[in-house]
Amino acid sequence: TEGVAEEETAVSDTEADSEMGTANEVEKEETGEEAEEEPYVVSFTATTVDGEELTSECFSQSKLTMLNVWATYCNPCLSEMPDLGEIASSYDTSEFQIIGIVSDVVEGDEEETVQGVKDLIEETKADYPHVLLSESLYMILVGAVDSVPTTFFVNRKGEMLGYVLGAQSKETWEGIINELLAEVE
């Protein structure tokens with residue numbers, strides 16, 4: 001809908017932030033010193049739209065992974081997916097990869113619903129892996145997302161590097177990706 005495209009996107013305090021804060025507060029209480037923040041690690045198991053299992057082990061295959069959380073009803077999500085498809089194909093996967101996370105279709109949904117997702121992926125030429133929402137993805141990442149698209153970046157260890165709210169232009173995504181690639185091992 002028109003309102004969705006213009007809506008300001010935001011993410012509330014994430015579970016990731018609160019978990020890291022809790023771990024640091026406990027260590028500070030025990031030692032009396034401020035602890036270094038432990039990186040938040042994304043760990044999941046999910047099923048791709050093609051029915052294959054995908055786990056967070058896939059992060060080790062690439063220096064940088066973009067986790068793009070999108071929904072089938074989200075016009076800004078769908079409008080940026082052609083650019084994301086082009087971006088995904090322009091990088092060597094040992095350097096950079098994209099994984100789409102379909103936030104409104106869960107594992108085990110009817111085949112007709114999953115086929116609708118496959119059709120959207122084909123229409124938008126977003127030729128990169130897409131996973132259906134699993135319990136572990138919801139608990140570790142998507143449950144803290146207030147609006148879509150929201151995009152997270154992780155390194156090859158699955159450590160959270162940051163996130164971006166809302167749809168972006170191809171040029172903006174490339175700038176963000178290249179900047180993060182320069183920072184990761």
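**Exercise 1.** In this predicted model, find how many bridges join strand 6 to strand 7 and describe how the connection between the two strands is built.

*Solution.* Begin with the pairing itself: strand 6 and strand 7 (residues 160-165) run antiparallel and are joined by five bridges. Next, take one pair as an example, in which phenylalanine 152 has tyrosine 163 of strand 7 as its bridge partner. Finally, follow the chain from one strand to the other, where four residues lie between them and complete a hairpin, and where glycine 158 in the turn has a positive phi of about 85°.

**Exercise 2.** Locate strand 3 and state which way it runs relative to strand 6.

*Solution.* Strand 3 covers residues 64-70, and the six bridges that join it to strand 6 belong to an antiparallel arrangement. Within this pairing, asparagine 68 has threonine 151 of strand 6 as its bridge partner.

**Exercise 3.** Decide whether the residues on the two sides of strand 6 are buried or exposed.

*Solution.* Sort the side chains by direction: Thr150, Phe152 and Val154 point one way, whereas Thr151, Phe153 and Asn155 point the other way. Then apply the cut-off for buried, which is under 20% relative accessible area. Both sets are buried, in agreement with the count for strand 6 (residues 150-155), where six of six residues are buried.

**Exercise 4.** Identify the residues with the most contacts inside the largest nonpolar core, and examine the surroundings of phenylalanine 96.

*Solution.* This core has 51 residues, and those with the most contacts inside it are Leu67, Trp70, Phe96, Phe153 and Ile177. Among the elements that give it two or more residues are strand 3, strand 6 and helix 6 (170-183). Leaving aside residues up to four places away in sequence, phenylalanine 96 touches several residues, including Leu64, Phe153 and Ile177.

Methods
Residues numbered from 1 in each chain as written. Predicted model: local features only at pLDDT ≥ 70, side-chain atom pairs only at ≥ 80, totals over all residues. Heavy atoms only, no water. Buried < 20%, exposed > 50% of the residue type's maximum accessible area, 1.4 Å probe, protein only. Pairing = 2+ DSSP bridges. Core = buried A, V, L, I, M, F, W, Y, C linked by side-chain atoms within 4.5 Å. Contact = heavy atoms within 4.5 Å.
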